[in-house]
Amino acid sequence: MKKRNVKKRKYNISEDVSINLEPPKLYNERQLERTEASKERPEKRGAKNEALSKTERRSKQNKKRRLKNKVRKVIISIALVILLIAVGVALSLTVFFKIETVSVTGSGIYAENEVVTFSKIDVGDNLFLIDENKIISSITTNLPYVYDVQIKRELPSTVKLILTDAVVKYSIETEEGYILLDDNFKVLETNAESLPAETIGIIDASVASAQAGQTIAFEDETTADNLNKLSQIIKSLDMTEATAISSTDINHNYIVYEGRITFELGALDEQSESRVLRGLAACEQLDESNPDATGTLNVMGDKQVYFTAN
């Protein structure tokens with residue numbers, strides 16, 4: 001038999017191509033056993049993981065149940081506390097803390113029974129349900145010479161009314177007599193026959209209404225506003241030398257010093273108080289040279305004052 005002449009084909013491989021050939025693997029029986037065992041391990045591990053996940057799920061479910069039970073107990077406890085508080089409040093406002101005693105101190109003008117009557121507090125009212133604003137309003141309106149009322153509760157059943165008497169600060173002369181006012185322009189008395197000492201007169205103002213226990217009403221709102229501003233200046237500076245105030249229009253406002261020197265203030269603004277203060281300093285200098293000086297002190301400027309003698 002003739003040998004076939006086969007020419008071996010030559011393959012030209014590019015230099016950029018690399019060929020990696022692994023050496024042949026030799027297996028013996030032990031290696032084959034190990035290979036077979038490694039194929040079985042993933043299945044066993046998966047089963048183990050599956051068993052662990054079931055345990056973990058049970059543990060998580062138990063934790064959730066315990067947490068829900070705790071939350072439920074907390075909610076029930078809070079609800080019980082709120083219920084107990086509500087019951088306590090309801091009992092306090094309906095059954096307990098009934099007023100048995102109303103005491104009055106501080107007034108040198110009105111009797112205790114008058115004050116209690118106009119307070120409209122009744123024995124048996126609840127200590128915490130009384131309306132303080134209504135009590136104060138009723139007392140100060142019906143008893144004009146009461147300037148202020150403080151209300152104190154003393155457990156279990158006492159209300160204390162602490163009064164401050166009003167002081168006459170302003171007066172207005174009328175044909176029937178004098179209208180007496182406190183520093184808030186509340187009417188204390190109408191048709192008074194005489195004036196208390198150190199009363200500041202309100203002049204050149206038309207009264208619309210004056211009812212004891214109520215704030216006086218002037219016919220002109222601008223006049224009323226300016227008189228209130230003058231009153232606040234006097235109160236702020238504690239100007240005991242003031243004897244009269246006047247406002248004829250928005251640009252003409254006056255304070256009379258010791259009945260002999262008239263402060264011309266012009267229109268009132270934020271600087272009016274400091275201008276009055278400068279006027280008082282100027283009056284001190286005038287008093288040193290002439291204690292009986294009378295005239296007009298122009299304090300409308302921001303830096304200087306001008307005195308014109310009568």
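Which residue of S11 stands opposite Asp249? In this predicted model, the residue opposite Asp249 is His252 in S11. The pair belongs to strand S10 (residues 242-249) and strand S11 (residues 252-257), which run antiparallel and are joined by 6 bridges.

S10 and S11 are part of an open sheet of 9 strands with mixed pairing, in the order S6-S5-S4-S7-S10-S11-S12-S13-S14. The edges of this sheet are taken by strand S6 (187-192) and strand S14 (306-309); each has a single partner strand, so one side of each is left without a neighbour in the sheet. On average, and with direction ignored, neighbouring strands of the sheet are turned by 20 degrees against each other.

Beyond S10, the antiparallel sense continues from S11 to S12, which pair over 4 bridges. Within this pairing, Ile255 has Phe263 in S12 as its bridge partner. The hairpin of S11 and S12 has 3 residues between the strands, and Glu258 takes a positive phi near 50 degrees there. The pairing of S12 with S13, in contrast, is parallel, again with 4 bridges. In S13, Gly295 is the residue that stands opposite Ile261. Together, S12, H5 and S13 make a β-α-β unit that is left-handed. The two faces of S12 differ in cover: Ile261 and Phe263 form the covered face, whereas Thr262 and Glu264 form the uncovered one.

Two helices are placed against this sheet. Helix H4 (residues 221-237) lies across strand S4 (170-173), strand S7 (200-203), S10 and S11, and runs at about 150 degrees to S10. Helix H5 (residues 272-289) packs on the sheet and touches S11, strand S12 (261-264), strand S13 (295-298) and S14. The direction of H5 makes about 150 degrees with that of S12.

The largest nonpolar core has 32 residues, of which Ile202, Ile245, Ile255 and Phe263 touch the most other members. At least two residues of this core are supplied by each of S4, strand S5 (178-181), S7, H4, S10, S11, S12 and H5. When neighbours within four places in sequence are left aside, the contacts of Ile202 are Tyr170, Ser171, Ile172, Leu181, Phe185, Phe218, Leu227 and Ile245. Another core, of 23 residues, lies apart from the largest one and includes Ile139, Leu143, Leu161 and Val168.

A further open sheet is formed by 3 strands in the order S1-S3-S2, and its pairing is mixed. Strand S1 (101-105) and strand S2 (146-154) stand at its edges, each with a single partner strand, so one side of each lacks a neighbour in the sheet. Neighbouring strands of this sheet are turned by 20 degrees against each other on average, direction ignored. S2 pairs with strand S3 (residues 158-165) in the antiparallel sense, over 8 bridges. In this pairing, Lys152 stands opposite Lys160 in S3. Helix H3 (residues 132-142) packs on the sheet and touches S2 and S3, with its direction at about 145 degrees to that of S2.

Outside these sheets, helix H1 spans residues 29-94 and includes Asn69. Asn69 is partly exposed, with a relative accessible area of 37%. The side chain of Asn69 is joined to that of Arg72 by a polar contact of 2.8 Å.

Notes
Residues are numbered from 1 along each chain as its sequence is written. This is a predicted model: local features need pLDDT of at least 70, side-chain atom pairs count only at pLDDT 80 or more; totals for chains, interfaces and linings use all residues. Side-chain values use heavy atoms; hydrogens and water are left out. Two strands pair if DSSP finds at least two bridges between them. Axes are lines fitted to C-alpha atoms, for helices over the stretch in contact, and angles run from 0 to 180 degrees between N-to-C directions. Contact means heavy atoms within 4.5 Å. Buried means under 20% relative accessible area, exposed over 50%, partly exposed in between (1.4 Å probe, protein chains only). A polar contact is a pair of N or O atoms within 3.5 Å; within protein, one must be able to donate a hydrogen and the other to accept it, and residues adjacent in sequence count only if both atoms are side-chain atoms. A crossover is right-handed if, with the strands pointing away from the viewer, the path from the first strand over the helix to the second runs clockwise. A nonpolar core is a set of buried Ala, Val, Leu, Ile, Met, Phe, Trp, Tyr and Cys residues joined through side-chain atoms within 4.5 Å.
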